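Work through the exercises below with the coordinates open. Each task is followed by a solution in steps.

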Amino acid sequence: MWEEMVKVDGPYHFDLALSRLSMDPLHIVDREGRTVKVPIYGTTPEVATVKAIGTTEEPAFLVTGFDALTKESVLEKISFIFQWNVSLKNIHEHFKQTTLKNLFNIHRGTPVILDFSLYSNLVKSIIHQQINMTFAISLTEQFVKTFGFQLEGVPFYPTPRKVAKLEMEQLRQLKFSQRKAEYIIDLSKQLVKGQLNLEKIILLPDEDIIKELVKIRGIGPWTAQNFLLFGLGRPNLFPSADIGIQKAIKILFQLERKPTIEEIHKYSTEWQPYLSYASLYLWRSIEPLD
């Protein structure tokens, strides 16, 4: 076992981050203890624990892991997932001058937390397409608990190799649509065969990554943008076709109807170059906070 204390620049509101993480039953979160257990998808899977010991203004964390040989790589992965290298202070200063200033005051210090693996990000996004959130969360949970595995009580998504070997009917039994079952199995097969290499494409600019991903059946612009935002932490993503963002803008600006894409573009112009944070805070404005 090893333990490392990490200090980051404030503001960083870990408790608000845990609130959002706890919406997913696959996340092992202890909000009172201010901890989350993180599945590490390495050559050998392992679990790391992140515990907040500081404040929003002076954030500090204890990261605990098992294998000393992987300590540095785990710390690097954790820092990336929790975006500890991003200055939220600069971002909040930017939004003080915009129409989202009140929203950023309410949710001050809320970071973008990334998905725990690139593969799980794509699979989850495909599952969540065009169904209501409650069913999407339940379906994802059933998928992981049926075909994935647990380590120290922490759920891990199944590997692409395992999913590539599944029969369509195995997913259909979990209430997957025929198309979603096909999409997830086909995606997994492409990864196994090396036809899609996520480690290579993540080095590309945003637009090039989107071009590569939308070539794959089941991945459209929304899923590709979600990959950039919650898979890679790219700072300037704004999925304007997202229903949640449209709803949040309608409420925030007291519109009588859903905003058009042109109207959303007009609103969002001043939020650049931090559109990803505008997206997150708009989503948070319509999500439960307790």
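Buried means under 20% relative accessible area, exposed over 50%, and partly exposed in between. The model used here is predicted.

**Exercise 1.** Classify Arg20 as buried, partly exposed or exposed, and list its contacts outside the local sequence.

Solution.
- Step 1. Locate the residue: Arg20 belongs to helix H1, residues 14-21.
- Step 2. Compare with the cut-offs: Arg20 has a relative accessible area of 24%, so it is partly exposed.
- Step 3. Leave aside neighbours within four places in sequence; Arg20 is then in contact with Phe230, Leu280, Trp283, Arg284 and Glu287.
- Step 4. As a distance check, the C-alpha atoms of Arg20 and Gln142 should be 20 Å apart, for a separation of 122 residues in sequence.

**Exercise 2.** Derive the strand order of the open five-stranded sheet and identify its edge strands.

Solution.
- Step 1. Begin with E1, which is joined to E5 by six bridges in an antiparallel arrangement. In this pair, Val6 stands opposite Phe61 of E5.
- Step 2. Pass from E5 to E4: four bridges join these antiparallel strands, and Ala52 stands opposite Phe61 in E5.
- Step 3. At the other end, E2 and strand E3 (residues 35-40) run antiparallel and share three bridges. Here Asp30 has Thr35 in E3 as its bridge partner.
- Step 4. The full order is E1-E5-E4-E3-E2, with antiparallel pairing.
- Step 5. Strand E1 (2-7) and strand E2 (28-30) each have a single partner strand, so they are the edges, and one side of each lacks a neighbour in the sheet.
- Step 6. The average turn between neighbouring strands of this sheet is 20 degrees, direction ignored.

**Exercise 3.** Which helices lie across the sheet strands, and at what angles?

Solution.
- Step 1. H1 lies across E2, E3, strand E4 (46-52) and strand E5 (60-65), at about 60 degrees to E3.
- Step 2. Helix H2 (residues 71-81) lies across E1, E3, E4 and E5, at about 40 degrees to E1.
- Step 3. Check the burial of E5: five of its six residues are buried, and the strand is mostly covered.

**Exercise 4.** Describe the largest nonpolar core and the surroundings of Leu187.

Solution.
- Step 1. The largest nonpolar core has 83 residues, and Ile78, Phe82, Trp84, Phe143 and Leu187 have the most contacts inside it.
- Step 2. Helix H15 (residues 275-285) gives the most to this core, with seven residues.
- Step 3. With neighbours within four places in sequence left aside, Leu187 is in contact with Tyr119, Leu122, Val123, Ile126, Leu196, Ile216 and Ile219.

Key: Residues numbered from 1 in each chain as written. Predicted model: local features only at pLDDT ≥ 70, side-chain atom pairs only at ≥ 80, totals over all residues. Heavy atoms only, no water. Core = buried A, V, L, I, M, F, W, Y, C linked by side-chain atoms within 4.5 Å. Buried < 20%, exposed > 50% of the residue type's maximum accessible area, 1.4 Å probe, protein only. Helix = DSSP H or I, 4+ residues; strand = E, 2+ residues; numbered from the N terminus. Contact = heavy atoms within 4.5 Å. Pairing = 2+ DSSP bridges. Axes fitted to C-alpha atoms, helices over the stretch in contact; angles between N-to-C directions.
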